[in-house]
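Okay, thanks for coming, everyone. I'll put the structure up first, and then we can walk through it together.

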Amino acid sequence: MKYSRLTKEQFEEMKQEFINFLASQSITADEWAKIKKEQPKAAEQELDVFSDLIWEGVLNKVEYLEHFSANQIYLFHITEVTIHLIAIKIEHEGVDLTTRKGYGWLQTNLLNESVNIYTSSKALSEDRNKDIFALIKQGANITKGELFNYFEKMVESR
């Protein structure tokens, strides 16, 4: 398995897609029930293959990721070959960027000397999706990139 198995909740949300996946392999509902009961390892493999297919589809479309921690924000823009990073680090006691109050503090104190903004870029490995998945496993979330684009404009205007 290349990525990770979807959760039970994710499988529930993708029930129709999974049915279509099984149908594409000429597996009926009755046959699936039989496979689960009599060949649990084969059933597990089908779940893994389906999970990887879903992850590939999702990861192929990812352009932006965000990762928030108490005192740092990592904003990623991912192209076909490069990953661009904007990192915001807060060196101010009592500010937690994962809270509404802390994020509000950042919005009103962007020019404060305790706010540091860094940028970086690097080439992706040959497996772009695996690089993206590694960031997601570390806590990054897929976004539309509004925050990245906001800070990119801010950094460029400096």
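I'll go through the domains, then the salt bridges, then a few single residues.

One thing up front: what you're looking at is a predicted model. The domain assignment splits the protein chain into domain 1, covering 8-60, and domain 2, covering 64-157. If you take the C-alpha centres of domain 1 and domain 2, they sit 35 Å apart.

So what's going on where domain 1 and domain 2 meet? On the contact count, 5 residues of domain 1 touch 6 residues of domain 2. Domain 1 and domain 2 bury about 480 Å² between them, with 63% of that on carbon and sulfur atoms. On the domain 1 side, the residues losing the most area to domain 2 are Trp55, Leu59 and Asn60, and together they make up 82% of what that side buries. If you sort the domain 1 residues touching domain 2 by type, you get 3 nonpolar, 1 polar and 1 charged. How many salt bridges cross the interface of domain 1 and domain 2? The rule finds 0 there. Polar contacts do turn up: 3 residue pairs between domain 1 and domain 2, both partners at pLDDT 80 or more.

Okay, salt bridges next. Quick reminder: side chains of opposite charge can pair when their charged atoms come close. Over the whole structure the search gives 4 salt bridges.

Let's start with Asp127 and Lys2, where the closest N and O atoms are 3.0 Å apart. Asp127 is in the loop between β4 and α6 (128-137), and Lys2 is in the segment before α1 (8-13), so this pair ties together parts 125 residues apart in sequence. Both ends are partly exposed: Asp127 has a relative accessible area of 24%, and Lys2 comes in at 34%. There's also a network here, with Lys2, Glu56 and Asp127 linked by salt bridges.

Then there's Arg5, which has two partners to talk about. With Glu44, the closest N and O atoms are 2.7 Å apart. Glu44 lies in helix α4 (residues 40-61) and Arg5 in the segment before α1, so that pair ties together parts 39 residues apart in sequence. With Asp48, the closest N and O atoms of the salt bridge are 2.8 Å apart. Asp48 is in helix α4 as well, so here the parts tied together are 43 residues apart in sequence. As for accessibility, Arg5 is partly exposed at 31%, and Glu44 is partly exposed at 38%.

Now some single residues. Is Phe76 buried or exposed? Its relative accessible area is 10%, under the 20% cut-off, so Phe76 counts as buried. Phe76 is in strand β2 (residues 72-78). Beyond its sequence neighbours up to four places away, Phe76 touches a list of residues including Tyr64, Ile83, Leu85, Leu135 and Phe148.

Ser114 is another buried one, at 7% relative accessible area. You'll find Ser114 in the loop between α5 (100-108) and β4 (115-123). Leaving out neighbours within four places in sequence, its contacts are Lys89, Ile90, Glu91, His92 and Trp105.

Last one, for anyone who likes checking backbone angles: Ser26 has a positive phi of about 60°, and it isn't a glycine. Ser26 is in the loop between α2 (15-24) and α3 (29-38). At 60% relative accessibility, Ser26 counts as exposed.

That's my tour, thanks.

Conventions
Residues are numbered from 1 along each chain as its sequence is written. This is a predicted model: local features need pLDDT of at least 70, side-chain atom pairs count only at pLDDT 80 or more; totals for chains, interfaces and linings use all residues. Side-chain values use heavy atoms; hydrogens and water are left out. Domain bounds come from an automatic or database domain assignment. Contact means heavy atoms within 4.5 Å. Buried area is the accessible area (1.4 Å probe) that two parts lose on being put together, summed over both. A salt bridge is a side-chain nitrogen of Lys or Arg within 4 Å of a carboxyl oxygen of Asp or Glu. A polar contact is a pair of N or O atoms within 3.5 Å; within protein, one must be able to donate a hydrogen and the other to accept it, and residues adjacent in sequence count only if both atoms are side-chain atoms. Ala, Val, Leu, Ile, Met, Phe, Trp, Tyr, Cys and Pro count as nonpolar, Asp, Glu, Lys and Arg as charged, and the others, Gly among them, as polar. Helices (H or I, at least four residues) and strands (E, at least two) are DSSP runs, numbered from the N terminus. Buried means under 20% relative accessible area, exposed over 50%, partly exposed in between (1.4 Å probe, protein chains only).
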